[in-house]
Amino acid sequence: MINAAVLGACGRMGSLIVENITCSTDIQLVAAFDIGNIGKDAGEFAHVGNLGIQISDVKDLETVLKKTQADVLIDFTAAGATVVNAPVAARCGVNLIIGTTGITSEQRAVIDEAIRKNQVRAVISPNYSVGVNVFFKIIREAAKYLADYDIEIIEAHHNQKKDAPSGTALRAADVINEALGGKEYVYGREGIAPRGKEIGIHAVRGGDITGDHTVLFVGNSERVEIHHMAHSRQIFAKGAVRAAEWICGQKPGIYSMDDVLGL
């Protein structure tokens with residue numbers, strides 16, 4: 001049985017992850033952390049009844065991880081928190097599932113170094129949906145055949161999302177650029193903005209949109225649109241738990257959802 005801990009366990013994603021852990025026969029919740037609701041039962045926020053796991057203060061992360069003998073820590077919080085907490089977990093020998101977006105290259109370097117130095121395992125991905133990772137594979141192939149088309153990426157999320165563009169949109173741009181090379185990114189357009197060979201990336205924020213991503217390959221007289229729509233955050237939570245179950249059997253290192261899914 002895999003012992004899992006969850007950061008941000010009272011939040012929208014954290015509580016869904018807790019719920020999905022309780023549905024698995026291969027993984028169990030041994031610790032839950034947040035910055036509030038300290039001492040309350042984690043099951044209360046996941047709507048799964050009393051689990052006997054109290055919310056611990058994230059300040060006590062190291063102590064609780066060691067006490068509970070956690071095997072893996074799942075983190076879907078904020079970049080500023082992840083860059084602090086991931087190295088703490090790595091020093092404790094705890095494997096990591098990181099779904100936090102908005103992480104800068106400098107923050108990512110700190111996280112990667114902690115993982116390698118402490119010889120733990122980690123899956124780091126902007127999106128844990130099976131469908132989105134298939135979407136990445138499809139747009140990579142499409143780019144090879146539509147290399148001379150104009151490429152635009154449009155993403156839409158709920159009005160509470162803090163970072164823009166989304167990590168998924170940025171990953172989509174990277175996937176295309178890996179296939180084609182030489183593409184700059186332009187974030188929105190304003191004023192006089194003649195189009196070159198760039199990838200345009202646009203962010204929409206409104207209401208309760210879970211997550212929509214569209215890649216447009218636009219040529220003369222035609223266009224190809226590849227679209228993924230998330231109907232529920234459950235797809236991300238399920239993917240995160242799947243990754244947590246998978247990672248503990250791997251060699252130390254940093255993995256992606258491609259590795260988890262065998263894509």
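## Helix α3 and its surroundings

Contact here means that heavy atoms lie within 4.5 Å. In this predicted model, the buried residues of helix α3, which spans residues 61-68, are L61, V64 and L65. They cover an arc of only 100° around the axis, so they sit on the same side of α3, while T63, K66 and K67 are exposed on the other side.

Through its buried residues, α3 packs against the strands β1 (2-7), β2 (27-34), β3 (55-57) and β4 (72-75), and against helix α4 (79-91). Just after α3, Q69 adopts a positive phi of about 55°.

## The largest pocket

The largest pocket has a volume of about 1000 Å³, and of the 36 residues that line it, R12, M13, F76, T77 and A78 lie nearest its centre. Two or more lining residues come from each of α1 (12-22), β2, α4 and α7 (167-180). By class, the lining of the largest pocket holds twelve nonpolar, 18 polar and six charged residues.

## The second largest pocket

The second largest pocket contains about 700 Å³ of space, and R108, P126, G167, R171 and D174 are the closest to its centre among its 28 lining residues. Helices α5 (105-117), α6 (130-145), α7 and α9 (257-261) each give at least two residues to this lining, with the largest share, six residues, supplied by α7.

## The cavity

A search of the whole structure finds one cavity of 30 Å³ or more. The largest cavity holds about 40 Å³ of space, and its lining, which includes Y149, K183 and R195, divides into three nonpolar, one polar and six charged residues.

Key
Residues numbered from 1 in each chain as written. Predicted model: local features only at pLDDT ≥ 70, side-chain atom pairs only at ≥ 80, totals over all residues. Heavy atoms only, no water. Buried < 20%, exposed > 50% of the residue type's maximum accessible area, 1.4 Å probe, protein only. Helix = DSSP H or I, 4+ residues; strand = E, 2+ residues; numbered from the N terminus. Arc of directions from axis to C-beta. 1 Å grid on protein atoms, 1.4 Å probe; cavity = no way out; pocket = protein on both sides within 12 Å on 5 of 7 lines; lining within 4 Å. Points joined across faces, edges and corners; volume = space filled by probe spheres on them. Nonpolar A, V, L, I, M, F, W, Y, C, P; charged D, E, K, R; others polar.
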